[in-house]
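Open the model in your viewer and keep the sequence panel beside it. The tour starts with the whole chain, then moves to the metal site, then to one strand.

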Amino acid sequence: MTDVDLESEQYEKHREAGEILATVRDEVVDRVEVGARHLDVAEWAEERIRDLGGEPAFPVNISIDEEAAHATPGIDDDSTFGEEMVNLDIGVHVDGWLADSAITVDLSGNDDLEAASAEALEAALDIVEAGVETGEIGAAVEEVIEGYGYKPVVNLTGHGLGHWEQHTEPNIPNRAVSQGIELEAGDVVAIEPFATNGSGKVQEGSAEEIFALEREASVRNRQARQALDEVTERFKTLPFATRWLETDRAEMALRRLKRNDVVHGYPVLKEDDGCLVSQKEHTVIVTEDGCEVTTRSR
Ligand code: MN
Ligand code: MN
């Protein structure tokens, strides 16, 4: 038995965030085409989220080919899409209650790699209910992706979503593990299989465009203090991009905050050069006999 009230305000806000996300994701997919600018796509999606009454929970991630996560356009980024595998990862929150969803738009002609992560996600969603172990979800993901002849990326996982917290317990593995934990009714979790024709492990690259507050601190430099005030006020500990800051000379201010360990960066996570990675992700509310996918297309 559960005493969780799934009609309470926090779940309603999770649902609202999920609905906004699904709308924006479905609309932005059509804007991903050869020659379009990454920055235009990211900013269009982030503005659309705000227009619909949400806030971006993190900068729209646009990861290309061997990149798996944490890439977002810089302030005056001129990159455009080529014939590539494009992963879009989008987050929305309503008063700090989150939704997180990703989709691969394949412009590279590798439909089956895209299908592998999409089908793995559906297999995972099929078995989610109160009492299922996270290791069983990982096993379902692994089986589908290996059935396609690819590897799951094993050092990226799904996760719980907390209030103003984008990554909480439990981790949802993308392979069978013996020590899983049981999901409970009312848990809000993101499940996100990644499939690759590479090694199945991502590494940190040198690029870093996404940041988050690490700790409270007092800083003397005026610009750094302004940037810190803005981050604390607008994003709390949620991830943000340099291009979101209104503070003057934000890039320099951020470098200073990073040097003092007040903010931390998220390096781009990537497979080996020349490989491809696909991803699909939904956010769910776990129920006694299944789950409610908050980010499903309507
Ligand atoms: Mn995501
Ligand atoms: Mn996620």
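Helices and strands here are DSSP runs, with at least four residues for a helix and at least two for a strand, numbered from the N terminus. Keep in mind that this is a predicted model.

**Stop 1: the whole chain**

Show the protein chain as a cartoon. Count 6 helices and 15 strands. Now fit a box along the principal axes: the C-alpha atoms fill roughly 55 × 50 × 35 Å. Does the radius of gyration agree with a compact globule, or disagree? The protein chain has 19 Å, and a compact globule of 298 residues would have a value near 19 Å, so the two agree.

Next, colour by contact separation. Of the contacts in the protein chain with a separation of 6 or more, 75% join residues 24 or more positions apart.

**Stop 2: surface and charge**

Switch on the accessible surface. The area for the protein chain is about 13300 Å², and carbon and sulfur atoms hold 40% of that. Colour by burial: 55% of the 298 residues count as buried.

Then select the charged side chains. There are 26 positive and 66 negative ones in the protein chain. The centres of these two sets lie 11 Å apart.

**Stop 3: the manganese ions**

Select the manganese ion (ligand 2). Which residues supply its protein donors? Pick Asp100 (OD), His159 (NE2), Glu192 (OE) and Glu281 (OE), which lie 2.1 to 2.2 Å from the ion. Along the sequence, these donor residues follow the spacing D-x58-H-x32-E-x88-E.

Stay on Asp100 and add the manganese ion (ligand 1). Asp100 bridges the two manganese ions, ligand 2 and ligand 1, which lie 3.2 Å apart.

Trace two of the donors back to their strands. Asp100 sits in strand β4 (residues 97–106) and His159 in strand β6 (residues 158–162), so this pair ties together parts that are 59 residues apart in sequence.

Are these two donors buried or exposed? The cut-off for buried is under 20% relative accessible area. Asp100 has 2% relative accessibility, so Asp100 counts as buried. His159 is buried because its relative accessible area is 1%.

**Stop 4: strand β1**

Move to Ser63, which is placed in strand β1 (residues 55–64). With a relative accessible area of 2%, Ser63 is buried.

Show its neighbours. Leaving out residues up to four places away in sequence, Ser63 touches Ala68, Ala69, His70, Ala71, Met85, Val86 and Asn87.

Key. Residues numbered from 1 in each chain as written. Chains lettered and ligands numbered in written order. Predicted model: local features only at pLDDT ≥ 70, side-chain atom pairs only at ≥ 80, totals over all residues. Heavy atoms only, no water. Rg over C-alpha atoms; globule rule 2.2 N^0.38 Å. Buried < 20%, exposed > 50% of the residue type's maximum accessible area, 1.4 Å probe, protein only. Contact = heavy atoms within 4.5 Å. Areas by Shrake-Rupley, 256 points an atom, 1.4 Å probe, with all protein chains shown as cover. Lys, Arg positive; Asp, Glu negative; His and termini not counted. Charge placed at Lys NZ, Arg CZ, Asp CG, Glu CD. Donors = N, O, S within 2.8 Å, 3.2 Å for Na, K, Ca; no water.
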